[in-house]
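Trainee: I would like a close look at a single part of this model: its aromatic rings. Please follow them into the elements that carry them, and then set the result against the chain as a whole.

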Amino acid sequence: SSNMENDVSLKFHQQLLCISENLVTEDVAALKFLCMDLLHLSKLEGVKSAADIFKLLMVQEYLNAEDTFLLAELLYRIKCHSLLEKLGYTKEKVQERLHEKGRVSPYRQMLYELSENITNEMLKEIIFLLQNRLPRRWITPSALDLLTLLEKQGLLTKDNVQILEDVCETVSPDLLETINCYKKSKVSRKGLQWMEFLFQPKAGLKYMVLEILVLFSFKNVLFFKQWEVILNLNQKTCSVVDLYTSEISVLLASFSTFFFSFLQILTSYKMDGPQRGFCLIINNVNFSSSQRKGSCKDAEQLERVFTWLGLDVRTYTDLTSGNILNLMQTWQHVQDHKDRNCFICCILSHGKSGAIYGTDDKLVSIRVLTSHFTAQQCPQLAAKPKLFFIQACQGNSVQRPVYVGTDGPTPDLSSMQERVPLSESIPEEADFLLGMATVDGCVAFRHIEEGTWYIQALCSKLQLLVPRGEDILSILTQVNEDVARRVSPSGTKKQMPQPAYTLRRKFIFPIPMAPPPS
């Protein structure tokens, strides 16, 4: 089995190398541009060959031996159709699966298509028109470089292509057709997605109720008579019997925003405010008898990821038990919570069952920490999600003095600690989530250079899955799988994280405009 896996991996890497060797400089530049929504720009800037891009895609789990479709899509987009056969695809096969598995956004496709139609003469004219917005002495080798610069400067986004419309109208009005097609399809896609959801055949009363709620919320039956919408509501199926095709796009454009807001309210916590919320990071490194090497790596990564997710991050280092409690009391009374959507607290320390240590080696109950933010104690956060991530041992295993350490102090073998069930560590009221690095009674491993298994997996999965629209519980399930696969250098130690929650709705981070930080 192991030899077979090695053979598959070798063959896969040979395929990638062969494809890379058949791509010229212009192809590599096109691949970089098409991957800008998938990979961090700082990583892409260091790319020298197509093989470098393939490595980045594999690290981010977009590409592997079992699933090569993204690469097939990229080759299809840059019209390298002859290379598709090396992946077992044809042009027609890729076209058939694009609707289901395509990863390059319509926005990125539109920009690339536009760049393909901009001649050298047009490019010179565009640069002349934009000279006041471009850096001085800036030389533009290609249209893709110009588009990339406009995006970096915030002058061009998927929701604002006005600058392109202005220059194209002057330089070549024919180019406007590509932009207009993108804008029209953008509106149609939003509307059709929700129309398909609302009226697809589904069994059950809840779908019928949802449809009725949407329609009656408009409070204008005459409007629907005007559009001649006739609905057939049935217990088993909900379908549109008659809707004039010529009027569908106008109807959907008018109400697509409403559909989004309505369904968001029904299924998930409100996360669309101008300020997402505060994120506290407590990083206890230096204890009287030990040092948690590698913890600063965790704290830095958490700060980068949660800042990327739109939170206002505050980091505190080496707090005693008293300082931790004082900090909780301070943040409990912060009035600015009322203008935020959520609250997150990450604690990196040593610990025992149901508690974490301050740097003075005194325990603080996790239940006491979380209870500062109940609706009664912190009314500004009432009905808002409160997330706590705890990286600390919950048992008395001896710390290993190798590359892997444990986040627990050297135990006193003369006494046994009483265990605290995880359910007792969070308040009984709603809207709390507690993510523990390990199950009760066990150690949590930490690499002295790379950080802890749990926090590194958490940061990695947030960056991978938030852009895909996954909710926090789905993400934590993937974190569990990641950590569970890891083993200590000796091959004898493993770890299993454990979440507990009283969330009432899905918690979904809005997808950031910027690519993930790492």
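Mentor: A residue counts as buried here when its relative accessible area is under 20%. By that cut-off Phe-507 is buried, and Phe-509 is buried as well. Keep in mind that this is a predicted model.

The structure holds 10 aromatic pairs. One of them joins Tyr-107 and Tyr-182, with ring centres 6.1 Å apart and planes at 50 degrees, so the pair is classed as tilted. Tyr-107 belongs to helix α7 (residues 106-117) and Tyr-182 to helix α11 (residues 176-199), so this pair ties together parts that are 75 residues apart in sequence. Tyr-107 has a relative accessibility of 6% and therefore counts as buried. Tyr-182 is likewise buried, at 6% relative accessibility.

The Phe-507 and Phe-509 pair has another geometry: the ring centres are 4.8 Å apart and the planes stand at 90 degrees, so this pair is edge-to-face. The cut-off for that class is over 60 degrees. Phe-507 and Phe-509 also belong to a cluster, in which ring pairs link them with Phe-306 and Phe-389.

Rings take part in contacts with charged groups too. The charged end of Lys-386 is placed over the ring of Phe-432, 5.1 Å from the ring centre. Elsewhere, Arg-108 has its charged end over the ring of Phe-33, at 4.8 Å from the centre of that ring.

Phe-432 leads to strand β11 (residues 432-436), where 5 of the 5 residues are buried. Phe-432, Leu-434 and Met-436 lie on one side of β11, Leu-433 and Gly-435 lie on the other, and both faces are covered. The strand also has two pairings to follow. Strand β9 (residues 386-391) is joined to β11 by 5 bridges, and the two run parallel. Within that pairing, Ile-390 is opposite Met-436. Strand β14 (residues 498-501) is joined to β11 by 4 bridges, in this case antiparallel. Met-436 appears again here, with Gln-498 of β14 as its bridge partner.

For comparison, consider a separate sheet. Strands β6, β7 and β8 form an open antiparallel sheet in the order β6-β7-β8. Its edges are β6 (351-352) and β8 (363-365); each has a single partner strand, so one side of each lacks a neighbour in the sheet. The link from β6 to β7 (residues 355-357) consists of 2 bridges, and Gly-351 stands opposite Ile-356 in that pairing.

Among the helices, α18 (residues 453-465) carries aromatic residues as well: Trp-453 and Tyr-454 are among its buried residues. In α18, 12 of 13 residues are buried, so the helix is largely enclosed by the rest of the structure. Its span from first to last C-alpha is 18 Å, close to the 18 Å expected at 1.5 Å a residue.

Now the chain as a whole. It has 19 helices and 14 strands, and 46% of its 518 residues are buried. Of the contacts with a separation of 6 or more, 73% are between residues 24 or more positions apart. The accessible surface comes to about 26400 Å², and carbon and sulfur atoms account for 52% of it.

Conventions:
Residues are numbered from 1 along each chain as its sequence is written. This is a predicted model: local features need pLDDT of at least 70, side-chain atom pairs count only at pLDDT 80 or more; totals for chains, interfaces and linings use all residues. Side-chain values use heavy atoms; hydrogens and water are left out. The expected span of a helix is 1.5 Å times one less than its number of residues. Buried means under 20% relative accessible area, exposed over 50%, partly exposed in between (1.4 Å probe, protein chains only). Two strands pair if DSSP finds at least two bridges between them. Contact means heavy atoms within 4.5 Å. Accessible areas come from the Shrake-Rupley method with a 1.4 Å probe; for residues, only the protein chains shown count as cover. Rings of Phe, Tyr and Trp (its six-membered ring) pair if their centres lie within 6.5 Å; planes under 30 degrees apart count as stacked, over 60 as edge-to-face and the rest as tilted. A charge sits over a ring if NZ of Lys or CZ of Arg is within 6 Å of the ring centre and within 35 degrees of the ring normal.
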